[in-house]
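Here are my notes on the packing and the aromatic rings. Have the structure open while you read.

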Amino acid sequence: MSESLELLVGRPVRERADAARNREKVLAAAARLFAEKGVDAVSMDAVAAEAGVGKGTLFRRFGDKSGLAAALLDARERDLQERILSGPPPLGPGAPAAERLTAFVAAYLDYLFSHLDLVRMSETASPGARYRIGSYRFWHRHVAILLAEARPGGDGDALSHALLAALGAEAAGVLRDEYGQARAEQAITALVTALTTAP
């Protein structure tokens, strides 16, 4: 299982020292501005000015604000992926599939609600953007493997997409806004229980 997941973990791209410095300046400036003013209120021009780089540099490197959001989320996603691949159970290997899936959903919701505006932007930048993000393919494969183990004979691939739909920023955000975070987390965890309990 971990071998197929490891192939889906993107590796950092090697870059020139000056490009790496500019990237770090941009990410630090964006994180600061987003925290102070909110994601929607910050323009790419403001990020470029705060970072002290040209607008062309910013747009060439990140494309648009959703690309910038995805770059800011990258380190956090890598951390969660590493904990899934080699961390302690139940999130990491060694626990039964149902327990691992419950642990994944809890960890993912913690990540999601901590960065909801950024995740929402990265997922909704264009139609289907969420499904083109490399981390989504990792989450999907991980959940599909666990569902296939917990529910033999079930359609792990399709069920994985269905469960991950509830973990989308739009859907989880609506649940949190309408019912509070604790109730949203309970509802999504109930889906895991339903999917991993034999019919």
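1. Start with F104. In this predicted model, once neighbours within four places in sequence are set aside, F104 is in contact with I84, L91, W139, H142, V143, L164 and L167.

2. F104 also turns up in the bigger picture: along with L68 and Y108, F104 is among the residues with the most contacts inside the largest nonpolar core, which has 55 residues. Helix α6 (residues 97-114) supplies the largest share of this core, 11 residues. As background, nonpolar side chains in soluble globular proteins tend to be buried together.

3. On to the rings. Searching the whole structure gives 6 aromatic pairs. One of them is Y108 with W139, edge-to-face, at 5.5 Å centre to centre and 75 degrees between the planes. Y108 sits in helix α6 and W139 in helix α9 (residues 134-150), so this pair ties together parts 31 residues apart in sequence. Is this pair's Y108 buried or exposed? Y108 counts as buried because its relative accessibility is 3%, against a cut-off of under 20%. W139 counts as buried too, at 3% relative accessibility.

4. Have a look at Y131 and Y136 as well. They form an edge-to-face pair, with 4.9 Å centre to centre and 85 degrees between the planes. Here Y131 is partly exposed, with 46% relative accessible area, whereas Y136 is buried at 4%.

5. Which residues join F104 in an aromatic cluster? Y108, Y111, F138 and W139 do, and the five residues form one cluster.

6. Last, a charge and a ring: R61 has its charged end over the ring of F62, 5.9 Å from the ring's centre.

How values were computed: Residues numbered from 1 in each chain as written. Predicted model: local features only at pLDDT ≥ 70, side-chain atom pairs only at ≥ 80, totals over all residues. Heavy atoms only, no water. Core = buried A, V, L, I, M, F, W, Y, C linked by side-chain atoms within 4.5 Å. Buried < 20%, exposed > 50% of the residue type's maximum accessible area, 1.4 Å probe, protein only. Helix = DSSP H or I, 4+ residues; strand = E, 2+ residues; numbered from the N terminus. Contact = heavy atoms within 4.5 Å. Phe/Tyr/Trp six-rings, centres within 6.5 Å; stacked < 30°, edge-to-face > 60°. Lys NZ or Arg CZ within 6 Å of the ring centre and 35° of its normal.
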